[in-house]
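Please look through the sequence and the model shown here, and then follow the report below, which deals with helix packing and with a nonpolar core.

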Amino acid sequence: MAESDREANRFSARAARYARVGANMGGVAARMAGSRLFGGDARDASNAAVLAQALGGLKGPIMKVAQLLATIPDLIPPEYAAELQKLQSEAPPMGAAFVKRRMQAELGPQWQSRFGSFDLNPAAAASLGQVHRATTKDGEKLACKLQYPDMQSAVEADLKQLELVFALHRRMDPAIDTREIAKEIGERVREELDYEREAKHAALYAQTLSDVEEVRVPGVRPELSTKRLLSLEWLEGEKILGFTEAPVEIRNRLAVAMFKAWWHPFSHAAVIHGDPHLGNYTVFSNDGEARGINLLDYGCIRIFHPRFVGGVVDLYRGLQTDDRARVVHAYETWGFKSLSNELIDILNIWARFIYAPLLDDRVRTVADGVKPGEYGRRQAFEVHKALKEKGPVTVPREFVFMDRAAVGLGAVFLHLKAELNYHRLFENEIERFSLENLEQKQREALAASGLPNPV
């Protein structure tokens with residue numbers, strides 16, 4: 001890669017992006033403010049549709065953020081979540097000539113000679129980059145993720161607009177203080193731009209899941225990777241939604257694999273995959289039968305301090321034994337402050353919902369009679385309604401992606417109509433749990449992957 005990084009948050013690119021996004025968002029903000037001024041409801045469905053329309057033509061990072069907001073229950077009004085979930089995050093694909101220039105910028109003029117083959121047409125496109133099929137000189141299949149140009153500038157401009165969205169939210173509905181949430185989302189999206197870090201995430205997961213045969217992690221090819229190009233082993237697989245009508249033993253097998261893919265790294269290295277999007281995993285088969293999942297994308301990874309995991313275990317045990325002091329300790333460990341008895345009761349509404357299948361020692365669905373897209377919405381509404389009377393509450397930033405992962409994972413289980421004993425699965429993951437052991441395991445895993453310890 002060239003020594004001078006011409007794309008590192010260029011002012012001109014950032015200004016142009018800010019103008020485009022700002023014009024669209026400014027119009028929405030004016031409309032919402034007008035609704036409130038004339039006695040209307042700034043949260044109504046028509047305003048939500050206007051916001052979705054404004055974002056729909058922008059593509060790129062702001063789309064990723066918008067869809068992320070829509071997957072966190074009650075972070076935004078349900079009317080807005082419903083509209084934002086309809087949006088597609090894909091940006092227009094880069095053409096062949098443009099791809100050649102991008103690859104030359106990353107690997108030099110003779111970049112094609114370093115591959116056995118490289119398909120200039122993308123196999124998939126997303127909000128920050130696109131994926132190309134390729135092979136090594138030895139014929140090994142690769143997935144090469146190539147970042148779109150000027151993404152750092154676009155991200156910084158879009159995050160400024162995100163601050164506007166959250167400021168509007170606080171004015172319309174101050175029950176939840178979203179400032180820490182905004183910081184967390186900003187930090188994670190910035191990390192996703194760094195493909196060198198993502199390569200380390202993949203190495204971390206390969207190590208942590210090495211003893212889980214139901215989950216496969218692609219190997220990294222560092223000699224064909226840079227800060228904006230990531231070359232990974234191509235893992236063959238089928239879309240998981242193609243198995244929603246498979247025999248129950250197959251659906252349950254895939255659900256167990258999904259459970260382990262999320263909870264095993266969390267309980268053994270204090271790390272979680274923060275983006276349980278259906279496109280981030282595929283199903284692998286042996287001898288014509290589905291055996292497990294390929295975990296494909298490692299951009300949105302959240303590394304926690306081990307004490308956060310301790311809080312998760314404390315809350316689980318506290319709810320299990322009706323130990324209110326242990327429940328309160330868990331919330332305080334996570335960073336919730338100034339908790340009255342009323343606020344604790346409100347937070348427990350959400351906690352009992354998330355933990356319900358883990359506490360119930362029987363074979364069951366994750367939530368009976370609930371559609372995947374509605375998982376958690378009713379409980380979030382109850383919490384929000386109560387917080388309007390007893391709040392506000394500041395949501396700690398570490399809570400954001402944990403919450404999102406739990407809800408997204410539950411939706412996958414509902415898609416699969418899985419019937420499992422989630423309690424036994426969870427107990428297996430936290431068997432003989434201790435904070436000291438987790439701290440040691442995490443230090444070793446992060447050091448081996450070249451990642452820093454969490455603050």
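An axis is a line fitted to the C-alpha atoms of a helix over the stretch in contact, and the angle between two axes runs from 0 to 180 degrees between their N-to-C directions. In this predicted model, helix 10 and helix 16, the latter covering residues 435-449, pack with their axes 9 Å apart and at an angle of about 140°. Angles that are neither under 35 degrees, nor over 145, nor from 65 to 115 count as oblique, and helix 10 and helix 16 are therefore oblique to each other.

Helix 10, which spans residues 306-321, also meets helix 15, residues 422-429, where the axes come within 12 Å and cross at roughly 135°. That angle makes helix 10 oblique to helix 15 as well.

The table sets out the two contacts of helix 10.

| Partner | Crossing | Residues in helix 10 | Residues in the partner |
|---|---|---|---|
| Helix 15 | left-handed | Tyr316, Arg317, Gln320 | His423, Phe426, Glu427 |
| Helix 16 | right-handed | Pro306, Arg307, Val309, Gly310 | Leu435, Leu438, Glu439, Gln442 |

By class, the contact of helix 10 with helix 16 has four nonpolar, two polar and two charged residues.

Turning to the core, nonpolar side chains in soluble globular proteins tend to be buried together. The largest nonpolar core of this model has 114 residues, and those that touch the most other members are Phe115, Tyr331 and Tyr355. When residues up to four places away in sequence are not counted, Phe115 touches Met103, Leu107, Ala134, Thr135, Thr136, Lys137, Leu142, Cys144 and Leu224.

Definitions and conventions: Residues are numbered from 1 along each chain as its sequence is written. This is a predicted model: local features need pLDDT of at least 70, side-chain atom pairs count only at pLDDT 80 or more; totals for chains, interfaces and linings use all residues. Side-chain values use heavy atoms; hydrogens and water are left out. Helices (H or I, at least four residues) and strands (E, at least two) are DSSP runs, numbered from the N terminus. A crossing is left-handed if the near helix is turned anticlockwise from the far one by less than a right angle, and right-handed if clockwise. Contact means heavy atoms within 4.5 Å. A nonpolar core is a set of buried Ala, Val, Leu, Ile, Met, Phe, Trp, Tyr and Cys residues joined through side-chain atoms within 4.5 Å. Buried means under 20% relative accessible area, exposed over 50%, partly exposed in between (1.4 Å probe, protein chains only). Ala, Val, Leu, Ile, Met, Phe, Trp, Tyr, Cys and Pro count as nonpolar, Asp, Glu, Lys and Arg as charged, and the others, Gly among them, as polar.
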